[in-house]
Amino acid sequence: MTAIQCPTFKPTLRLGNNGQDVKEMQKRLNQRLATIYSTALEIDVDGDFGAGTETAVRYLQCLGFINASGVTDAATWNFICNGAASLPVLKLNSSGSVVKSLQEALSGAGFYNGAIDGVLGAKSVQAVKDFQAHFGLVADGVVGAKSWDALIKLDSHVDSCFAMYYGGC
């Protein structure tokens, strides 16, 4: 996943904000979405952080395995600008909400059938290895940038995030 040139100043943006900073974010949000899915939706670059922009930000956050708050915070800017390289490296015994999201994505794709508990235990690591082998990656059970890139683009993950924020199945 390629880096996108971003402004030096990346303010926290949310529903109700407007102006040039919002326009800059909207433009880059569209660029990041296009790197994930070729038929990506595109939002208006109008400088108005309205409901449509908030939904698109939530969708991108879901795709990027980050907290889907709808607020363009530091983590969201980092994902917009750096893609998969912005995500944490996960390995055996990693834990937290990002691991839970990983488990959900692996489960949705048929690689994992264990507890969705936010802990990267032996069963989760095996699911990561199976996923990596299936997609021609080094099957080491460590989720780094290449694994994140494949997970982010996983059809079942894209579909799940889209259904969550835009409806449909």
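On the surface of this predicted model, four acidic residues, Glu42, Asp44, Asp46 and Asp48, gather in a patch of negative charge. One of them, Asp46, sits in the loop that runs between helix α1 (20-36) and helix α2 (51-63), and with a relative accessibility of 43% Asp46 counts as partly exposed.

Charged side chains also meet in pairs, and a search of the whole structure finds three salt bridges. The table lists them with the separation of their N and O atoms.

| Salt bridge | N to O distance |
|---|---|
| Arg28 and Glu24 | 2.5 Å |
| Arg58 and Glu54 | 3.7 Å |
| Asp149 and Lys153 | 3.5 Å |

Where do Arg28 and Glu24 stand relative to each other in helix α1? Because they are four residues apart in this helix, about one helical turn separates Arg28 from Glu24. Arg28 has a relative accessibility of 10% and counts as buried, whereas Glu24, at 23%, is partly exposed.

In helix α2, Arg58 and Glu54 are likewise four residues apart, which is about one turn of the helix. Here the basic residue, Arg58, is partly exposed at 26% relative accessibility, while its acidic partner Glu54 has a relative accessible area of 19% and is therefore buried, since the limit for that class is under 20%.

In the remaining pair, is Asp149 buried or exposed? Asp149 is buried, with a relative accessible area of 16%, and its partner Lys153, at 32% relative accessibility, counts as partly exposed.

Terms used: Residues are numbered from 1 along each chain as its sequence is written. This is a predicted model: local features need pLDDT of at least 70, side-chain atom pairs count only at pLDDT 80 or more; totals for chains, interfaces and linings use all residues. Side-chain values use heavy atoms; hydrogens and water are left out. Patches are made of residues with over 30% relative accessible area and no salt bridge: like charges are joined within 9 Å, nonpolar side chains (Val, Leu, Ile, Met, Phe, Trp, Tyr) within 5 Å. Accessible areas come from the Shrake-Rupley method with a 1.4 Å probe; for residues, only the protein chains shown count as cover. Lys and Arg count as positive and Asp and Glu as negative; His and the chain ends are not counted. The place of a charge is taken as NZ of Lys, CZ of Arg, CG of Asp or CD of Glu. Helices (H or I, at least four residues) and strands (E, at least two) are DSSP runs, numbered from the N terminus. Buried means under 20% relative accessible area, exposed over 50%, partly exposed in between (1.4 Å probe, protein chains only).
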